[in-house]
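Biologist: I am new to reading models of this kind, and I would like a careful look at one part. Please take me through the place where the ligands are held, and explain each term as you use it.

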Amino acid sequence: MDHLSLSRPDDWHVHLRDGDAMAAIVGATARQFGRALVMPNLQPPITRVQEALSYRARILAGLNQEHPFNPLMALYLTEGTPKEEIARVAETPEVIGFKLYPQGATTHSEAGIRSLEALDPLLEALAHYQVPLMVHGEVTDSDIDIFDREALFIERYLEPMSQRFRSLRIVLEHISTREGVEFVERATGPIAGTLTAHHLLLNRNAMLVGGIQPHHYCLPVLKRETHRQALLAAATKGHPRFFLGTDSAPHLRSHKESSCGCAGCYTAHHAIELYATAFDQVGALDQLEGFASHHGADFYGLPRNTETIRLQRVPTEIPDALPFGEETVIPFMAGQTLPWTMTEAE
Ligand code: DOR
Ligand code: ZN
């Protein structure tokens, strides 16, 4: 296959940051995607509908791409989230859910949830209003090995939570393990999962062999090859509850290449080409459109995009660095060549 057309894809999990940093990168997401679900982990976090709507206006203000781009917002769930705010989200089409960060799990998660046991009244309200909960699924206990944190979160919290609230709409974000895939596959309720391009393309060797590779450090951390294989199988089998969420998370180069580097891979610049490369590796390009353009919209109860994009088997060279605020960001797979290039449909 040398080219394929697909409905314009959506990115159901992206970090767009704010200010000059946002201005430098938002165009990359808007160029490829019709919609993006924008994460609320700014500092301070976006916890109210009003804040999300003004953040959304700032996102749109800097854009001038030709096709429509619709940023959809998630609020940051805290122990102090009022139930009225959940009702407000249910009435606000631009804000489509809440993001649950366990405290300490990742970048700017200081305001996250300390005690998941105490969350039941809020989970009940989310289920009542049918407002989706997007979950960063990792335990944060210091005695738990970082490679086990996702599997343990599912066993300890997510599985019981989904049993207690059977109508709660849950998205397990950036699944990185076989256990995460199995959780979504065996669920009978409204439960889905997003998969990133970096977790589909790399295993943990890419981060640790031949020297530490800070630009491959993300959270959840990359796992061993058997997990990557499980993720790739889930993405490419046409299962309607797995869909595209890049978790593209740009950081300044100096913050990544540091004695204590921060977590995140910046994939937005070539997102759909990265996914096409992963699907192509297992001969599953025919499954890309469902995963990238249909399943997410269907899960969120939104119309599928009607525009079309094209992917051609023409090499894309990924730049060594891109401008980012006062510095640069190193894109995922910097300096390498991908076999696919996206163009607008003619
Ligand atoms: O790698 C990550 N980076 N994982 C996250 O959960 C957050 C993100 C960020 O905001 O930098
Ligand atoms: Zn994220």
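Modeller: What follows is a walk through the surroundings of ligand 1 and then of the zinc ion (ligand 2). This is a predicted model, in which local features need pLDDT of at least 70, side-chain atom pairs count only at pLDDT 80 or more, and totals for chains, interfaces and linings use all residues. Residues are numbered from 1 along each chain as its sequence is written, chains are lettered from A and ligands numbered from 1 in the order in which they are written, and side-chain values use heavy atoms, with hydrogens and water left out.

Around ligand 1 there are 13 residues, of which R17, N41, T106, L219 and H251 come nearest (a residue is near if one of its heavy atoms lies within 4 Å). Among the polar contacts (pairs of N or O atoms within 3.5 Å), a polar side-chain atom of R17 lies 2.9 Å from an oxygen atom of ligand 1, while a backbone N or O atom of A263 lies 3.0 Å from a nitrogen atom of ligand 1.

The zinc ion (ligand 2) is coordinated by NE2 of H13, NE2 of H15 and OD of D247, at 2.0 to 2.1 Å (donors are N, O and S atoms within 2.8 Å of the metal, or 3.2 Å for Na, K and Ca; water is not among the atoms, so sites may look incomplete). Along the chain these donors follow the spacing H-x1-H-x231-D, and both H13 and H15 are buried, which means under 20% relative accessible area with a 1.4 Å probe, counting protein chains only.

Definitions and conventions: Polar contact = N/O pair within 3.5 Å; in protein donor to acceptor, adjacent residues only side chain to side chain. Buried < 20%, exposed > 50% of the residue type's maximum accessible area, 1.4 Å probe, protein only.
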